[in-house]
Amino acid sequence: MTAIVEARNLQKSYGKIRAVEDVSFSIEEGEIFGLLGPNGAGKTTTIRMLSSLTDPDGGEALVDGRNVVEDPVGAKMRLGVVPESSNLYMELTARENLIYMAQLYGMPKSQWEARAEELLRQFGLHERKDSRFQGFSRGMKRRLTIAAALVHRPRIVFLDEPTTALDIMSARGLRKSIRELKKSGVTVLLTTHLIPEAEELCDRVAIILKGKILMIDTVAGIRQQVKETEILELALDPFSEPIVDRLKGIGGIEKVSKTNSHLRLYGRNVLREIPAIVQALSENRTEILSIHSLNPSLEDAFVKLTGVEAEVMKIDKPLKPAGGGA
């Protein structure tokens, strides 16, 4: 397969803060490639460098063979970018926003109306084509922002945290749209802090933490990193922090992580330690509501590789105000 997007040793600092450090990866034509990491990991900065919105301090970025610093216009014509906060105009209607984007990309005037109509139907917004953007729900705003990024028929689309702050149904519909992009031959770079989203959508995932890539592989390949790890999930009543410290002191337990209302215990010999676990909980007057042995998931591999708790990954970054062309 041919690499259609390449990051080569990208670096970016803001003052003394190193946002991105020697980030390298390549994206094959037609795949969905995920940048997975917590807020502040360097995902958005990486996308901004790849889309020529921010100049790198070092390294280079190529989009469809075009160096984004040396030929930013050539790169942008092959690329659609969907920022975390929409870049569309609140006072314009859905149709007017799409036509304006067609103008910006230099499309022939004869194609503006037809392309806008096509995208409005594709993203289920045709009935609201004459409604102003400011009156749309978050999910509708996200769909129109993606439609606007596709107006010039790019081969590549960058999606920065596409489902942040969306309700469950809107997020589900948007993920379906992303899968349909792949089916149509579009290459997708997706940033997300949501582990299940990366697991569901991505052909390959790069785990990024503190500006550095820790690992790049398929979801199955990343799971293999913890194939010898045993995982025990417990529901406890009551749950308390002291019991976490007590369980960490048991020999065969390498890590304890809180996931939703459950505790997960990781280690090569966790199952062998069940009698010691039961005794520790009994001594702390803690009841076991349920106990299960689990096969490792992408979330389990991520927690083990990064040390970042699964609960931290579920925290959305505060949204900037959308619209106004910002």
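This short talk walks through a predicted model of one protein chain, from its overall make-up to two helix pairs and a few buried residues.

Let me begin with the chain as a whole. Its secondary structure comes to 11 helices and 14 strands, and its C-alpha atoms fill a box of roughly 75 × 45 × 40 Å when that box is taken along the principal axes. Of the 326 residues in the chain, 49% count as buried. If we take the contacts between residues at least 6 apart in sequence, 71% of them join residues that are at least 24 apart.

I turn now to helix packing. Two packed helices are described by the angle between their axes and the distance between the axes, and I will give both for each pair. In the pair made of helix α3, residues 94-104, and helix α5, residues 138-149, the axes are 9 Å apart and the packing angle is about 25°. Because angles under 35 degrees count as roughly parallel, α3 is roughly parallel to α5. The crossing of α3 past α5 is right-handed. On the α3 side the contact is made by Ala94, Leu98 and Met101, and on the α5 side by Leu144, Ala147 and Ala148. Sorted by class, this contact has six nonpolar residues, with no polar and no charged ones.

The other pair is helix α9, residues 241-248, with helix α10, residues 274-283, whose axes come within 10 Å and cross at roughly 150°. Since an angle over 145 degrees counts as roughly antiparallel, α9 is roughly antiparallel to α10. Here, too, α9 passes α10 in a right-handed crossing. Ile243, Arg246 and Leu247 of α9 make the contact with Ile277, Ala280, Leu281 and Glu283 of α10. By class, the contact of α9 with α10 has five nonpolar residues, no polar ones and two charged ones.

Staying with helices for a moment, how many of the eight residues of α1 are buried? In this helix, which spans residues 43-50, the count is six of eight, so that α1 is mostly covered. The buried residues are Lys43, Thr45, Thr46, Ile47, Met49 and Leu50. Just after α1, if you follow the backbone onward, Ser52 takes a positive phi of about 60°.

Two of those α1 residues return when we look at Thr191, which is found in strand β8, residues 187-192. Is Thr191 buried or exposed? Its relative accessible area is 0%, and because buried means under 20%, Thr191 is buried. If we leave aside the neighbours within four places in sequence, Thr191 is in contact with Lys43 and Ile47, and also with Leu35, Leu159, Asp160, Glu161 and Pro162. With Asp160 there is also a polar contact, in which the two side chains are joined at 2.5 Å.

My last residue is Leu88, whose place is in the loop between β6, residues 79-82, and α3. Although it sits in a loop, Leu88 is buried, with a relative accessible area of 0%. Which distance separates Leu88 from Thr145 in space, C-alpha to C-alpha? The value is 6.8 Å, while in sequence Leu88 and Thr145 are 57 residues apart. For those following on the structure, Thr145 falls within the span of α5, residues 138-149, the helix with which α3 packs.

Note on methods: Residues are numbered from 1 along each chain as its sequence is written. This is a predicted model: local features need pLDDT of at least 70, side-chain atom pairs count only at pLDDT 80 or more; totals for chains, interfaces and linings use all residues. Side-chain values use heavy atoms; hydrogens and water are left out. Axes are lines fitted to C-alpha atoms, for helices over the stretch in contact, and angles run from 0 to 180 degrees between N-to-C directions. Helices (H or I, at least four residues) and strands (E, at least two) are DSSP runs, numbered from the N terminus. Angles under 35 degrees count as roughly parallel, over 145 as roughly antiparallel, 65 to 115 as roughly perpendicular and the rest as oblique. A crossing is left-handed if the near helix is turned anticlockwise from the far one by less than a right angle, and right-handed if clockwise. Contact means heavy atoms within 4.5 Å. Ala, Val, Leu, Ile, Met, Phe, Trp, Tyr, Cys and Pro count as nonpolar, Asp, Glu, Lys and Arg as charged, and the others, Gly among them, as polar. Buried means under 20% relative accessible area, exposed over 50%, partly exposed in between (1.4 Å probe, protein chains only). A polar contact is a pair of N or O atoms within 3.5 Å; within protein, one must be able to donate a hydrogen and the other to accept it, and residues adjacent in sequence count only if both atoms are side-chain atoms.
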